[in-house]
Amino acid sequence: MSQKSTHAENGHRYIGDMPLRDLLKRRHPKNPKSHDIGFISHSFATFGYVDAVLICERTGYIAKGHGRVETLAARQRQRMPAPKDIRVDETGDWLIPVQRGWSSANDAELLAYMIADNRAVQRGGWDDALLVDALNEVSESMSPEAFSATGYDPDDLEALVKQLDANQPDTVKGNDTERGRTPDEMLETFLNNTIKQVVLYFAEAQYDSVIARMAALRHALGVESNTDLVLELMAFYENLARDEA
């Protein structure tokens with residue numbers, strides 16, 4: 001499976017493109033991590049491709065990034081556009097940036113790293129006060145779609161604020177203490193924001209199809225966001241209803 005280059009053999013780290021079809025063959029057969037394909041796809045649609053997949057040069061297997069590879073493959077199968085920063089070659093295959101040059105010492109170490117890389121994120125936790133402050137800033141500065149790509153929705157934010165209120169009724173640590181903002185004031189800021197969010201829930205079996213169909217409609221109608229798509233479709237059917245009345 002291993003395909004070492006001169007750079008890799010010398011331990012030099014670099015980023016190189018690899019066809020998606022080749023990456024799919026490099027998935028580790030013992031990878032224990034499951035993935036939220038729909039959420040990762042939404043992240044790609046919002047932020048583009050940001051974090052490179054990591055290859056173990058000793059084995060040729062993916063050491064980090066299985067979820068990204070599987071999500072890219074699902075998007076390609078559904079004829080969705082390649083995310084920003086993914087190049088497409090002349091055959092139509094997607095060229096995925098991967099990090100090269102790292103090798104595990106043995107099979108057990110590779111598995112241990114794969115587990116540790118995911119476990120480190122789980123164990124880190126959050127500073128809830130700073131998280132609320134960051135989510136408020138995102139909600140005030142970015143679109144509702146970008147806000148939902150954080151993995152939080154307005155109900156989550158409200159719950160976080162109430163939790164802070166219960167634990168620290170008088171003050172909130174971090175940046176909000178410096179500004180003298182209470183949890184109720186933070187919640188009011190969010191609720192009074194000029195940008196509001198509509199959250200739609202779909203069954204898991206429907207989700208990928210809905211995302212693909214919305215992407216196709218955006219392309220067909222020449223609109224950039226799902227917000228513009230909904231407004232365009234509403235206007236169309238409102239005009240149709242008036243014509244039929």
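This dialogue goes through two helix packings and how to read them.

Reader: What kind of model is this, and how are its residues numbered?

Author: This is a predicted model, in which local features need pLDDT of at least 70, side-chain atom pairs count only at pLDDT 80 or more, and totals for chains, interfaces and linings use all residues. Residues are numbered from 1 along each chain as its sequence is written, and side-chain values use heavy atoms, with hydrogens and water left out.

Reader: How are two packed helices described?

Author: Two packed helices are described by the angle between their axes and the distance between the axes. Here, helix α3 (residues 37-47) packs against helix α4 (residues 66-77) at an angle of about 80 degrees, their axes lying 9 Å apart, and α3 is therefore roughly perpendicular to α4 (a term for angles of 65 to 115 degrees).

Reader: Which residues of α3 and α4 make the contact?

Author: On α3 the contact (heavy atoms within 4.5 Å) is made by Ile37, Ile40, Ser41, Phe44 and Ala45, and on α4 by Gly67, Arg68, Glu70, Thr71, Leu72, Ala74 and Arg75.

Reader: At what angle do the axes of α11 and α12 cross?

Author: The axes of helix α11 (residues 204-221) and helix α12 (residues 226-244) cross at roughly 70 degrees and come within 10 Å, which means that α11 is roughly perpendicular to α12. From α11, Met214, Leu217, Arg218 and Leu221 take part in the contact, and from α12, Asn226, Leu229, Glu232 and Leu233.

Key:
Axes fitted to C-alpha atoms, helices over the stretch in contact; angles between N-to-C directions. Helix = DSSP H or I, 4+ residues; strand = E, 2+ residues; numbered from the N terminus. Parallel < 35°, antiparallel > 145°, perpendicular 65-115°, else oblique.
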